[in-house]
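Hi everyone, thanks for making time today. I'd like to walk you through a structure that may be new to you, so have a look at it first.

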Amino acid sequence: MAIIKTTENDKLEFDSAVNELKEYFSSLSVRKGRTLTYNVLTYGCQLNESDSEKLSGMLASFGLEASSGGELDAADVILFNTCSIRENADRHLFGNLGVFKTLKKNDRDVIIAICGCMMKVPENVEKIKKSYPYVDLVFDPQQLHRFPVLLRDSIRNKKQMVNISADDYIAEDSFFPIDRKRKFRALVPIMYGCNNFCSYCIVPYARGRERSRSFDEIVRELSELASKGYKEVMLLGQNVNSYKGEDGKTFADILRAASDFKEFSRVRFMSSHPKDLSDEVIDIMATRPNVEKHLHLAMQSGSDKVLKDMNRPYTISRFLEIADKFRTKVEGGSLTTDIIVGFPGETEEDFEETLKAVEKAKFDAAFTFQYSARPGTKAAAFPDQIPSDVVTERFGRLTEYTNRYSEESNGRLVGKTMEVLIEGISKAGDMTFSGRTITNHLVNFTIPQELGINIGPDYLEGRLCEVRIDRARPYSVDGVLVSLKGE
Ligand code: SAH
Ligand code: SF4
Ligand code: F3S
């Protein structure tokens, strides 16, 4: 397995495939007498969302239009970008794939393709080969830059094509047309892959070895985003703190470079690993006003024994030390985490250690997961898998704890006026808007009519405003807009 940088030749091949596909879809569109559409279904984390922005950009460059937006919309090209982090992620694909069978039966020109992390798990690929013959193309996340070439070949071959690479590629963002989903937020992957091999996790198998993008290329992209009016950048990687750029450039250098663009009101990043988070990064968070005061640091368990079995190279006291350092240095900052319950061999005592650690760290929010055995990982073969009723019971107790602290964290905002970056109309659909504080607290708010503010979402998205917080909920707070910045 090698790490390969894309070359000029790859780009020439890419461009030639795009041109061929443009011609193909244009004549198909004439034959059908209508505009052709695509639907990209995205599951999983923000890295997948970022990949889907590129896949959508490529599909648009073939002359196709996005379908109207429903998850299961019929379209001429259906592309599943899958996730395999837990078993229920796998179920999404097989649950939804069947929906498109009739579509393909009624129209042989429809193309169904699958990519994403699930395609690096051989069992899934075998299942598709055996039971889903109507799928046209299968490829893995390492080969995003080859999508036009693979799609062209699958159309030429007219039979199911499965193309899984043995190598890990690295392509710069400039390689791709990107169709960014939010007009104020840009997802910027800075590194790919993971070398940590936590014993439960599929990601190192699905995404390959760690590889970092060029520092100069990232800065060039950030500068372009700043000049295009983006207000928020999200620097992405499974383990952003192990970024290694040219000339010894580190993640701290990227964070500083991003925050130097004053056009960005928010510079965010995901995810950090306790073993690599440097004091320098915490200092940057503490001192740079446009760097978010929010650290997502996965704890996973409060038991040293379980952490060791998980192959997480820190003790719980080391984790709490880092948490403390963050709390002391980044005043008013928020700390969030991921926790797994029911890892093989987790005893009641181990689980109670986790509850104690939650009590000490007082996370502002926690993503809690029931352990799910992933095929091919070390932990899947461990003895002492925990019965599901025990896992469910512990999970309930844990979320009671974590919810208590997230409610407290939200409660501390009540009565304060906070700066909020507006993200859009909130899901409630009742002209309540939503946004986030620099500490990543989710705020739903109304806008008093008497302020006479243009409430068009296009006008408001990405703008900063002041919101008076008057109520805390478990996962968000409610408030009223006081003023719009820059009015
Ligand atoms: N790279 C990130 C995590 C990405 S996956 C980090 O290390 O912080 C997001 C979360 O999913 C993990 O932190 C973990 O809590 C959870 N997760 C991963 N594999 C899992 C599994 N097999 N079962 C349950 N939860 C899992
Ligand atoms: Fe998975 Fe661990 Fe890598 Fe995070 S650091 S992606 S949990 S292997
Ligand atoms: Fe899922 Fe792959 Fe992300 S397994 S969580 S989509 S890296």
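**Spaces inside the model**

Let's begin with the largest cavity, which holds about 140 Å³ of space. Please keep in mind that this is a predicted model. How many cavities of 30 Å³ or more does a search of the whole structure find? The count is three.

Around the largest cavity there are 13 lining residues, and those nearest its centre are Pro141, Gln142, Leu144, Tyr169 and Tyr192. Helix H2 (46-61) and strand E8 (168-170) are the elements that each supply two or more residues to this lining. By type, the lining has seven nonpolar, two polar and four charged residues. Where does the largest cavity lie with respect to the domains? Domain 1 (3-170) and domain 2 (183-292) both contribute to its lining, so the cavity sits between them.

Now for a pocket. The second largest pocket has a volume of about 370 Å³. Its lining counts 16 residues, with Lys104, Arg108, Asp136, Ser154 and Lys158 nearest the centre. Two or more lining residues come from each of helix H1 (8-32) and helix H6 (147-157). Here we have seven nonpolar, two polar and seven charged residues.

Last, the cysteines. How many disulfides turn up in the whole structure? Zero. Take Cys115: the closest cysteine sulfur to its own belongs to Cys117, and at 9.2 Å that is too far for a bond, because a disulfide needs the two sulfur atoms within 2.5 Å. Cys115 is buried, at 1% relative accessibility, and Cys117 is buried too, with a relative accessible area of 10%.

Methods
Residues are numbered from 1 along each chain as its sequence is written. Chains are lettered from A and ligands numbered from 1 in the order in which they are written. This is a predicted model: local features need pLDDT of at least 70, side-chain atom pairs count only at pLDDT 80 or more; totals for chains, interfaces and linings use all residues. Side-chain values use heavy atoms; hydrogens and water are left out. On a 1 Å grid over the protein atoms alone, a cavity is a set of points where a 1.4 Å probe fits but cannot get out, and a pocket is an open set with protein on both sides within 12 Å along at least five of seven lines; lining residues have an atom within 4 Å of a point. Grid points are joined across faces, edges and corners, and a volume is the space filled by probe spheres set on the points. Helices (H or I, at least four residues) and strands (E, at least two) are DSSP runs, numbered from the N terminus. Ala, Val, Leu, Ile, Met, Phe, Trp, Tyr, Cys and Pro count as nonpolar, Asp, Glu, Lys and Arg as charged, and the others, Gly among them, as polar. Buried means under 20% relative accessible area, exposed over 50%, partly exposed in between (1.4 Å probe, protein chains only). Domain bounds come from an automatic or database domain assignment.
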